[in-house]
Amino acid sequence: MEQVTIDARITRIVKYTLLSVLSRDQKVSQVFFRFLRNQLFIPLLILSISCTSIQAQTVNDGPGGPILVINTSSNIYSRYFAEILRAEGLNEFAAKDIVQVTATDLNNYDVVILGEMTLTAANVTMLTDWVNAGGTLITMRPDPQLATLLGITPASGTLTDKYLLVNTATEQGKGIVGQTIQFHGPANLYTLNGAISLANLYSTATAATANPAVTIRDVGTNGGQAIAFAYDLAKSIIYTRQGNPAWIGQERDAQAPIRSDDLYFGAAAGNSQPDWIDFNKVAIPQADEQQHLLTNIIIKGNADRKPLPRFWFLPRGLKAAVVMTGDDHANGGTPGRFDQYKALSSSNTLAAVKNWTAIRSSAYIYVGTPLSDAQARSYQTDSFDIALHLSTDCNNWTTTGLQNLFTTQLQQFSSQWPSLLKPTTHREHCLIWSDWASLPKVELANKIRLNTSYYYWPGFWLQNRSGMFTGSGMPMRFADVNGAIIDNYQVTTQMTDESDQIFPDFIDSLLDRATGPLGYYGVFCANMHTDAVASTGSDAIINSAVNHNVPVISIL
């Protein structure tokens, strides 16, 4: 069996093919595209996949290129832009702390993303001179000293956890959703003073304010641009994907134990608040759309200097993929389900598996599941993923207790199936999420680097509303509560056979929006339990995927 790192697995899911050089609506000449394909595709693919060598620098760094992320140790969230750029297929970036950046350094870059931070007068002068010389500066909740350069005037007050509307009539807004979408965290209030608005703040989903959410100003005669996000995009992305940090450790949905949905569930007894996800917006990948806006700003801003190659999200230009998984609680339906998927595949050759035309699945299984070591190895050789389904007996855990459970159960797993590769992906039984990020950190300590325990559930809450409660269809690394990147990928399980979702309607809606003109691309994970061989939900999801020409894959 081909043994690949989890980085290569994620690369196959997230970004593999070269998109073009500009935003979704831009045309590129065939000659220039051939040049990019021939000269840039292989090096960039190697750069993207070779995460082992890159990560020797840490996940906060990039391989280098014309984009510079300026972060600060005083705001660790500012480092998450490295993960955002990787997810957007813009691998040509470097990252530095503000204390390391000099005017000479800046001259090596065309685009700078400046995280939220306090600047010195010298920093302001350095950045201003660089923009006047033709650089594109993108700022987050900028230091007031940059207001003149940015063409905005600070106003009093802030707007927190509200909405914004992108101006889709602008070049940067083309292809972005034309509805209000949520942001999380505080946004500063500004008025325009030479800049134009790319997006406007809304105090509710329908009530516009007079204040911009994102602005842009052309600077000087050398093509410089200065952009301001009124809110911290990195923090907003993290909070959208992982929930409300104020609700950490709270049992809010009255469905013990604590799970990931408790970080989103508003109507807690004695502390009722709005849901963290506005269900009127759940169909929109709100975090992804805001990342796409950032990408458009970067690519448009750099168009007069050099084209920026960008990876597409999926192989062969695909717009969606279904990650099929199933939990088996020692009931033994996994082999029969895997055999069913092989029978449904037009071909089961290695080439078909690599090309995502064979139907594959992952199974998270209890120790004691009736599956021989030889069977397990054979299925894994055929690119079915088999990994531990850790049990806490449905009890909330402490970090120490969780580590002890992993140590014991991983040893038992290896003893029962010694021929299997050690698990690198995981879903926990009962989906316990007792705090913010201990589970992905403990998983990482055990060399597990992909988690599917964020779970669209319970049914009475989601009410069969098809969508993405984490605001994203894309695998990305988790962040700790201080914003630090955790080298463990979040793949949210959007479809389950225990959330009262109606199939195929639910999956049809997801795939219609992904493959149609809305362009809500995504990797959509399903848990169709493999306790039994038969699953009407699995059948419906596969039929829908086939009808939409969308692959059904395992995480392996």
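## Disulfide

The link of C394 and C430 is right-handed, with 40° about the S-S bond. In the chain, this pair connects distant parts that lie 36 residues apart. C394 sits in the loop between strand 18 (385–388) and helix 13 (399–416), and C430 in the loop between helix 13 and helix 14 (438–445). The model is a predicted one, and in it the sulfur atoms of C394 and C430 are 1.7 Å apart. A search of the whole structure finds one disulfide.

## Accessibility of cysteines

The two linked residues fall into separate classes of exposure: C394 has 28% relative accessibility and counts as partly exposed, whereas C430, at 15%, counts as buried. C525 has 0% relative accessibility and counts as buried.

## Three-stranded sheet

Strands 19, 21 and 20, in that order, make up an open sheet with mixed pairing. Its edges are strand 19 (450–451) and strand 20 (476–479), each of which pairs on one side only. Strand 19 and strand 21 (residues 485–490) run parallel and are joined by two bridges. N451 has Q490 of strand 21 as its bridge partner.

## Helix packing on the sheet

Helix 8 (residues 233–242) packs on this sheet, where it touches strand 20 and strand 21. The direction of helix 8 makes about 95° with that of strand 20.

Notes:
Residues numbered from 1 in each chain as written. Predicted model: local features only at pLDDT ≥ 70, side-chain atom pairs only at ≥ 80, totals over all residues. Heavy atoms only, no water. Disulfide = S-S within 2.5 Å. Helix = DSSP H or I, 4+ residues; strand = E, 2+ residues; numbered from the N terminus. Buried < 20%, exposed > 50% of the residue type's maximum accessible area, 1.4 Å probe, protein only. Pairing = 2+ DSSP bridges. Contact = heavy atoms within 4.5 Å. Axes fitted to C-alpha atoms, helices over the stretch in contact; angles between N-to-C directions.
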